[in-house]
Amino acid sequence: MKKILTFVLVLAFALSAIACAAPAATPAAEAPAAEAAAPAAEPAADAVKTYKVGVCIYKFDDNFMTLYRQELESYLKSLETDTVKYEVTVVDGKGDMAEQTNQVDTFLAQGVDVLIVNLVQSSSAATITDKAKAAGVPVVYINREPSADDMKAWDKICYVGADARQSGTYQGEIIASLPNKGDQNGDGVVSYVMIMGDPENVDAQYRTEFSIKALTDAGIKVEELFKQRGDWAQEKGQELAANALAQFGNKIDVIFCNNDGMALGAYQAIVAAGRTVGKDIYLVGVDALAECVQMVKDGTMTGTVLNDHIGQSHTAVDAAVKYIMGEPVETYLWVDYQKVA
Ligand code: BGC
């Protein structure tokens, strides 16, 4: 038995060696038979179309944009078929607009089919649009909304984002719906600390404004004790919250953070100052990072707001693919926020 098996194996090996050594040009008559035996017919090389997608992220070192860009890349890859491939390159703007402008120039020189851009500075949209328009390359702007005027510059640009007014309103409503309406020390006023993202970004401006508006709209008296920019970063959130806590102590009822990254930092400062979230202070953020959702469940954060990176990245990719296919895209594509409290 063993001998027969060895013989079969040797024969199989010998036959496959002969097949590999066979000259490339198979006689025409044999070709159909060889094709029929192939497991899955590969599409002819010229039937496969590869599109180049250039993605510019304002900064890789950002909790939310990291989730966003990872989802964006994997979703785009998931849309590939046997005949349509996407060559996607994602670059880090390192928070430097000059660097990002160079990256756009490089992508355009490489002949990308579409750009997806998370601007370092929203105010630079016009420069980027001009370059892309000159090269005939559509742009999907994401996360940092260009001005309404800048969005009128060309019909092959669009913006995918979430309306930051909504996230601010939800933050305020989370506080307004607490039994004491956020007034932990019972002095009749909600005294708050506001830790802002980069104020050049409308997300920071609107969240700052609309969180407080939701309180005043609910008839709640407010007092701003402290407002400073933490540029979306956890370390800055911690540093600023620590300063505010040292300066205003028990007067602080609520710490509003424009994002969860900074709220995580503020939480460390709250603990270090011996305060307890939910008991003698409230803390809200935006993004619904997994660890913050867990903290809300555990009661160590009062609430957050889901900034849907999955919905936004898929919408951005769908828009980019439409541009590639020559289909029209609406100028604004919005994805809703959701309260997590
Ligand atoms: C997110 C922040 C992020 C920022 C980057 C915002 O929408 O909430 O976490 O840092 O976008 O632009």
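What volume does the largest pocket have? It comes to about 160 Å³, in a model that is predicted.

**View 1. The lining of the largest pocket.** Welcome to the first close-up, where K59, D61, D62, N63, F64, W232, A233, Q234, E235, N259 and G261 line the largest pocket. Two elements, α3 (63-78) and α8 (234-248), each give two or more residues to this lining. By character, the lining residues split into three nonpolar, four polar and four charged. Both domain 1 (49-162 + 309-336) and domain 2 (164-306) supply at least three residues to the lining.

**View 2. A salt bridge between D163 and R165.** Here the two side chains meet with N and O 3.1 Å apart. D163 is partly exposed at 27% relative accessibility, and R165 is also partly exposed, at 34%.

**View 3. A salt bridge within helix α7.** The side chains of K213 and D217 pair up at 2.9 Å, N to O. These residues sit four apart in helix α7 (residues 202-217), so about one helical turn separates them. K213 is partly exposed, with a relative accessible area of 37%, whereas D217 is exposed at 56%.

**View 4. A buried pair, D280 and R275.** In this salt bridge the closest N and O atoms lie 3.4 Å apart. D280 counts as buried because its relative accessible area, 17%, is under 20%. R275 is buried too, with a value of 12%.

**View 5. A network of salt bridges.** To finish, look at D198, R229, D231 and K236, which salt bridges link into a network. The count for the model comes to 13 salt bridges.

Terms used: Residues numbered from 1 in each chain as written. Predicted model: local features only at pLDDT ≥ 70, side-chain atom pairs only at ≥ 80, totals over all residues. Heavy atoms only, no water. 1 Å grid on protein atoms, 1.4 Å probe; cavity = no way out; pocket = protein on both sides within 12 Å on 5 of 7 lines; lining within 4 Å. Points joined across faces, edges and corners; volume = space filled by probe spheres on them. Nonpolar A, V, L, I, M, F, W, Y, C, P; charged D, E, K, R; others polar. Domains from an automatic or database assignment. Salt bridge = Lys/Arg side-chain N within 4 Å of Asp/Glu carboxyl O. Buried < 20%, exposed > 50% of the residue type's maximum accessible area, 1.4 Å probe, protein only.
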